[in-house]
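Here is a set of short exercises to work through with the coordinates open. Try each task before you read its solution.

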Amino acid sequence: MKFLDLKDIAERDMELVNPTSAEKVLAVGRALGLNAASRVIDFGSGYAEMLTLWAEAFGIAGDGVELRPLACERARRKLTEHGLADRIQFTARAPPTTPSPPTPTTSLLAWARRSCGAATV
Ligand SMILES: C[S@@+](CC[C@H](N)C(=O)[O-])C[C@H]1O[C@@H](n2cnc3c(N)ncnc32)[C@H](O)[C@@H]1O
């Protein structure tokens, strides 16, 4: 079984896929001053829960980009059920076929290793 298939199964009862809560996501939206003139892009948008919360609370428009077909399907279904499909667009992104360049996280780890020594990171 492929890793992304395992993710689909493990997350079947989840809406937010981050160690956070709807209340915190809404607090971020308030802090950012999101409103009906805002357009938010969520790269790696999962099941569109952040965009849904912000669209319902603050009236944003937005775009979700997600690589897993099942997540895109769930997200589009949710947006339709919530009457948001006209305001939130969802793009299925094909998985990369070549290895990705180092991400900021891996760069940060490399920096931490250089600075602190491999044993502490
Ligand atoms: C931690 S989840 C967060 C989902 C959502 N933003 C949330 O908070 O509920 C990250 C998502 O990014 C997607 N993802 C990872 N790499 C991606 C890429 N290169 N392009 C598009 N989506 C990606 C994963 O499939 C996963 O659904």
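**Exercise 1.** Which residue in β2 is the bridge partner of valine 40?

Solution. Some ground rules before we start: this is a predicted model, where local features need pLDDT of at least 70, side-chain atom pairs count only at pLDDT 80 or more, and totals for chains, interfaces and linings use all residues. Residues are numbered from 1 along each chain as its sequence is written.

Step 1: get the elements. Helices (H or I, at least four residues) and strands (E, at least two) are DSSP runs, numbered from the N terminus. The protein chain has five helices and three strands, in the order α-α-β-α-β-α-β-α from the N terminus.

Step 2: pair the strands, which takes at least two DSSP bridges between them. Strand β1 (residues 39-43) runs parallel to β2, with five bridges joining them.

Step 3: look up the partner. Valine 40 is bridged to glycine 62 in β2.

**Exercise 2.** Find what lies on the other edge of β2, and give the handedness of the β-α-β units.

Solution. Step 1: β2 also runs parallel to strand β3 (residues 88-92), again through five bridges.

Step 2: check the register. Glycine 64 has phenylalanine 90 as its bridge partner in β3, and valine 65 stands opposite threonine 91.

Step 3: add the helices. A crossover is right-handed if, with the strands pointing away from the viewer, the path from the first strand over the helix to the second runs clockwise. β1, helix α3 (residues 49-58) and β2 make a right-handed unit, and so do β2, helix α4 (residues 69-81) and β3.

Step 4: split β2 (residues 61-66) by face. Gly62, Gly64 and Glu66 make up the covered face, while Ala61, Asp63 and Val65 sit on the uncovered one.

**Exercise 3.** Locate the main nonpolar core and see how α3 fits in.

Solution. Step 1: set the cut-offs. A residue is buried if 20 or more other C-beta atoms lie within 10 Å of its own, exposed if 12 or fewer, and partly exposed in between, with C-beta atoms placed from the backbone. A nonpolar core is a set of buried Ala, Val, Leu, Ile, Met, Phe, Trp, Tyr and Cys residues joined through C-beta atoms within 7 Å.

Step 2: apply them. Of the 121 residues in the protein chain, 20% are buried. The largest nonpolar core has 14 residues, and those with the most contacts inside it are Ala48, Leu51, Trp54, Ala75, Ile88 and Phe90. The elements giving two or more residues to this core are α3, α4 and β3.

Step 3: zoom in on α3. Its buried residues are Glu49, Met50, Leu51, Thr52, Trp54 and Ala55, and their cover includes α2 (22-32), β1, β2, α4 and β3. Leaving out residues up to four places away in sequence, tryptophan 54 is in contact (C-beta atoms, placed from the backbone, within 7 Å) with Gly29, Leu34, Val40 and Ile60.

**Exercise 4.** Is alanine 48 buried or exposed, and what is unusual to check in its backbone?

Solution. Step 1: place alanine 48, which is in the loop between β1 and α3.

Step 2: count neighbours. Alanine 48 is buried because 26 other C-beta atoms lie within 10 Å.

Step 3: read the torsion. Its phi is near 65°, a positive value in a residue other than glycine.

Step 4: list the contacts. Not counting residues up to four places away in sequence, alanine 48 touches Gly64, Ala75, Lys78, Leu79, Ile88 and Phe90.

**Exercise 5.** Now do arginine 87.

Solution. Step 1: arginine 87 lies in the loop between α4 and β3.

Step 2: arginine 87 counts as partly exposed because it has 16 C-beta neighbours inside 10 Å.

Step 3: arginine 87 touches Ala55 and Ala61, with residues up to four places away in sequence not counted. Its C-alpha atom is separated by 9.3 Å from that of arginine 39, 48 residues apart along the chain.

Terms used:
Two residues are in contact if their C-beta atoms, placed from the backbone, lie within 7 Å.
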